[in-house]
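Okay, thanks for making time, everyone. I'd like to walk you through one model today, so let me put it up on the screen.

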Amino acid sequence: MFDFVTFAVKLWIFRSGPAQFRSGWFVESLAPQALIIFAIRTRRVPFFRGHPSLTLAVLAVGALQRA
């Protein structure tokens with residue numbers, strides 16, 4: 001369902017062309033992947049109680065910025 005909402009917003013609200021649509025879809029897919037990395041790295045529930053290593057945090061933020 002989330003994918004359909006994302007498609008609708010990109011196409012009908014932002015009127016994205018093919019290149020913008022692909023770029024936006026790529027960036028939008030990186031954010032959940034970064035959250036999954038932070039969620040599976042620790043056994044604590046909720047996962048935000050544990051702190052990630054500096055390397056993991058820098059790489060995740062860097063990947064989102066470069067996209």
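So, the fold first: the protein has three helices and zero strands. Following the sequence, you read α-α-α. And before anyone gets too attached to the details, this is a predicted model.

How much of the protein is buried? Buried residues come to 15% of the 67 residues. As for contacts across the sequence, take those with a separation of 6 or more: 25% of them are between residues 24 or more positions apart.

Let me start with helix 2, residues 18–40. A quick sanity check on its geometry: with 23 residues at 1.5 Å a residue, helix 2 should span 33 Å, and the end C-alpha atoms are 34 Å apart, which agrees. Which residues of helix 2 are buried? They're Phe21, Glu28, Leu30, Ala34 and Phe38. Yes, there's a Glu in that list. The cover over the buried residues of helix 2 includes helix 1 and helix 3. I'll take those two partners in turn.

Helix 3 first. In general, you describe two packed helices by the angle between their axes and the distance between the axes. Here, helix 2 and helix 3, residues 54–66, have axes that come within 10 Å and cross at roughly 170°. Anything over 145 degrees counts as roughly antiparallel, so helix 2 and helix 3 are roughly antiparallel to each other. Who makes the contact? On the helix 2 side you have Leu30, Ala31, Ala34, Ile37 and Phe38, and on the helix 3 side Leu56, Ala57, Ala60, Ala63 and Leu64. Sort the residues of that contact by type and you get ten nonpolar, no polar and no charged. Note that Leu30, Ala34 and Phe38 were also on the buried list for helix 2.

Now the connection between those helices. In the loop between helix 2 and helix 3 sits proline 52. Is proline 52 buried, exposed or partly exposed? Its relative accessible area is 30%, so partly exposed. Setting aside neighbours within four places in sequence, proline 52 contacts Phe38, Arg41 and Ala57. Phe38 and Ala57 are names you just heard in the contact of the two helices. With arginine 41, proline 52 has a C-alpha to C-alpha distance of 7.9 Å, and the two are eleven residues apart in sequence.

Over to helix 1, residues 2–13, and the aromatics. How many aromatic pairs are there in the whole structure? Two. One is phenylalanine 7 with phenylalanine 21, stacked, at 5.4 Å centre to centre with 10° between the planes. That pair links distant parts of the chain, with phenylalanine 7 in helix 1 and phenylalanine 21 in helix 2, 14 residues apart. Phenylalanine 7 is partly exposed, at 31% relative accessible area, whereas phenylalanine 21 has 16% relative accessibility and so counts as buried.

The other pair is phenylalanine 7 with tryptophan 25, again stacked, at 4.8 Å centre to centre and 5° between the planes. Phenylalanine 7 is in helix 1 and tryptophan 25 in helix 2, so this pair ties together parts that are 18 residues apart in sequence. Tryptophan 25 comes out partly exposed, with 25% relative accessibility. Put the ring pairs together and Phe7, Phe21 and Trp25 are linked into a cluster.

That's my tour. Happy to rotate the model if anyone wants another look.

How values were computed. Residues numbered from 1 in each chain as written. Predicted model: local features only at pLDDT ≥ 70, side-chain atom pairs only at ≥ 80, totals over all residues. Heavy atoms only, no water. Axes fitted to C-alpha atoms, helices over the stretch in contact; angles between N-to-C directions. Helix = DSSP H or I, 4+ residues; strand = E, 2+ residues; numbered from the N terminus. Parallel < 35°, antiparallel > 145°, perpendicular 65-115°, else oblique. Contact = heavy atoms within 4.5 Å. Nonpolar A, V, L, I, M, F, W, Y, C, P; charged D, E, K, R; others polar. Buried < 20%, exposed > 50% of the residue type's maximum accessible area, 1.4 Å probe, protein only. Phe/Tyr/Trp six-rings, centres within 6.5 Å; stacked < 30°, edge-to-face > 60°. Expected span 1.5 Å × (residues − 1).
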